[in-house]
Amino acid sequence: MPQATALAPAPAPAARTRGDGSEFSPLLRTVKGQGLLDHRPGWYARDIALTLLGFAAVAAGLLLAGPTWWALPLAVPLALLSARAAFVAHDAGHAQVTADRRAGRAIQLVHANLLLGMSREWWNDKHNRHHAHPNHLDKDPDVAADVLVFAEHQTAGRTGLRGFLTRHQALLFFPLTTLEGLALKLYGVQALLAKDGPYRTRRERLTEGALLLLHFAGYAALLLTALAPAQALVFALVHQMLFGVHLGLAFAPNHKGMERPDQHEDGDSWGHLRRQVLTSRNIRGGVLTDWFLGGLNYQVEHHLFPSMPRPHLRLAQPAVRAHCRALGIPYTETGFVDSYRQALGHLHEVGAPLREERAGRPE
């Protein structure tokens, strides 16, 4: 099994306080000089067109198949296409698709709100806070204590169902991801209805709400037109569960078990380079890995250059790796299977205090 590679030992704490300009700026100049921050509208146009054609093909297949359980396998390609839409929505939110802010917003509204039933503005607010402070327990919403916990002190006082989930969170992680597709919809709707939601204007709130309603109405209409009610319900459940697992596979290994700035006295003073590289993990692989994980397997490069178009992330990797080696900053990269072993191993370790407490003895 391939092991994670760190290109140099962790730097001493004093080295982490060096000015970010002296560390990140040379890499930024290199990447800009290679044209890797230039947009790729043609690449994204093809990707979006293929995704939309795929959605249309699945819809046509459902309508042509009629009310039969044999239509259920179409939930598999629909889940894959939903993940493709999620990746485009993610990229549009980072201005990877186009420099035109209005066009980028429209693309994200179509792919997030209309195709997935997920609020664009809720996602951007949450995800931008994650990028600003990755893996920081007090500042990154992705590692806040919720169904899962990511640090031992977060386990304190968790009893009942939450305690059970925490004790077994590594084992339950992938089963729980089957709910992720539904959770994204629920959280977005909650934010839309909340008075203190992230929406800046009433028009923005109405636009997002209208597109969410259109998604839910269109999704229900398609399934209930093509299938019997029981078949439609099962199809929707299978589709959403597979979609959630796919997203879990893409997001799970990116930061879990990596450095946490809040664990270091100087963590809040880390510059952009160290803050993003030390908290992120890459996954080795080829074209299929890139496609299946939507480019998020280049998590280090994505966090360093959030607006870099997806097809350029692989091209930027050699420069980023070499720059980290020169500075003595660990650059973590591991195999596909080992990335999940590390992430799940971290979740298992975090749940140890509750398991020991329940057993009445150390593990």
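Colleague: With which residue does Glu 121 form a salt bridge, and how far apart are the closest N and O atoms?

Modeller: A salt bridge here is a side-chain nitrogen of Lys or Arg within 4 Å of a carboxyl oxygen of Asp or Glu. By that criterion Glu 121 pairs with Arg 120, and the closest N and O atoms are separated by 2.7 Å.

Colleague: What kind of model is this, and from which number are its residues counted?

Modeller: The model is predicted: local features need pLDDT of at least 70, side-chain atom pairs count only at pLDDT 80 or more, and totals for chains, interfaces and linings use all residues. Side-chain values use heavy atoms, with hydrogens and water left out, and residues along each chain, as its sequence is written, are numbered from 1.

Colleague: Are Glu 121 and Arg 120 buried or exposed?

Modeller: Residues under 20% relative accessible area are buried, those over 50% exposed, and those in between partly exposed (1.4 Å probe, protein chains only). Glu 121 has 7% and Arg 120 has 10%. Glu 121 therefore counts as buried, and Arg 120 also counts as buried.

Colleague: Which residues join Arg 120 and Glu 121 in one salt-bridge network?

Modeller: Arg 200 forms a salt bridge with Glu 204, the closest N and O atoms being 3.4 Å apart. Arg 200 is exposed at 63% relative accessible area, whereas Glu 204 is buried at 6%. Through shared partners, salt bridges connect Arg 120 and Glu 121 into one network with Arg 200 and Glu 204.

Colleague: Which residue pairs with Arg 162 in a salt bridge?

Modeller: Arg 162 is in helix H6 (residues 160-167) and its partner is in the loop between H5 and H6, 16 residues apart; helices are DSSP runs of H or I with at least four residues, numbered from the N terminus. Arg 162 is partly exposed at 42%, and so is the partner at 33%. The closest N and O atoms are 4.0 Å apart, and the partner is Asp 146.

Colleague: Which residues does Asn 124 touch, leaving out those up to four places away in sequence?

Modeller: Asn 124 is in helix H5 (residues 120-132) and is buried, because its relative accessibility is 9%. Contact means heavy atoms within 4.5 Å. On that basis Asn 124 touches Gly 93 and Gln 108.

Colleague: How far apart in space are Asn 128 and Gly 93, C-alpha to C-alpha?

Modeller: Asn 128 is also placed in H5 and is partly exposed at 42% relative accessible area. In sequence, Asn 128 and Gly 93 are 35 residues apart, and their C-alpha distance is 9.1 Å.

Colleague: What does helix H2 span from end to end?

Modeller: The expected span is 1.5 Å times one less than the number of residues. H2 (residues 41-65) has 25 residues, so 36 Å is expected, and its end C-alpha atoms are indeed separated by 36 Å.

Colleague: Which elements cover the buried residues of H2?

Modeller: The buried residues of H2 include Tyr 44, Asp 47, Phe 55 and Leu 62. Just past H2, Gly 66 has a positive phi near 80°. The cover on those buried residues includes H3, H4 (101-116), H9 and H10.

Colleague: Which helix gives the largest share of the largest nonpolar core?

Modeller: A nonpolar core is a set of buried Ala, Val, Leu, Ile, Met, Phe, Trp, Tyr and Cys residues joined through side-chain atoms within 4.5 Å. The largest has 47 residues, and Leu 62, Met 118 and Trp 122 are among those with the most contacts inside it. Its largest share, 9 residues, comes from H3.

Colleague: Which residues form the nonpolar patch on the surface?

Modeller: Patches take residues with over 30% relative accessible area and no salt bridge, joining like charges within 9 Å and nonpolar side chains (Val, Leu, Ile, Met, Phe, Trp, Tyr) within 5 Å. This nonpolar patch has about 450 Å² of accessible area together, by the Shrake-Rupley method with a 1.4 Å probe and, for residues, only the protein chains shown as cover. Its members are Val 76, Leu 80, Leu 242, Leu 288 and Trp 291.

Colleague: Which residues does Phe 216 contact, leaving aside neighbours within four places in sequence?

Modeller: Phe 216 sits in helix H9 (residues 202-226) and is partly exposed at 32% relative accessibility. Its contacts are Gly 117, Lys 185 and Val 189.

Notes:
Helices (H or I, at least four residues) and strands (E, at least two) are DSSP runs, numbered from the N terminus.
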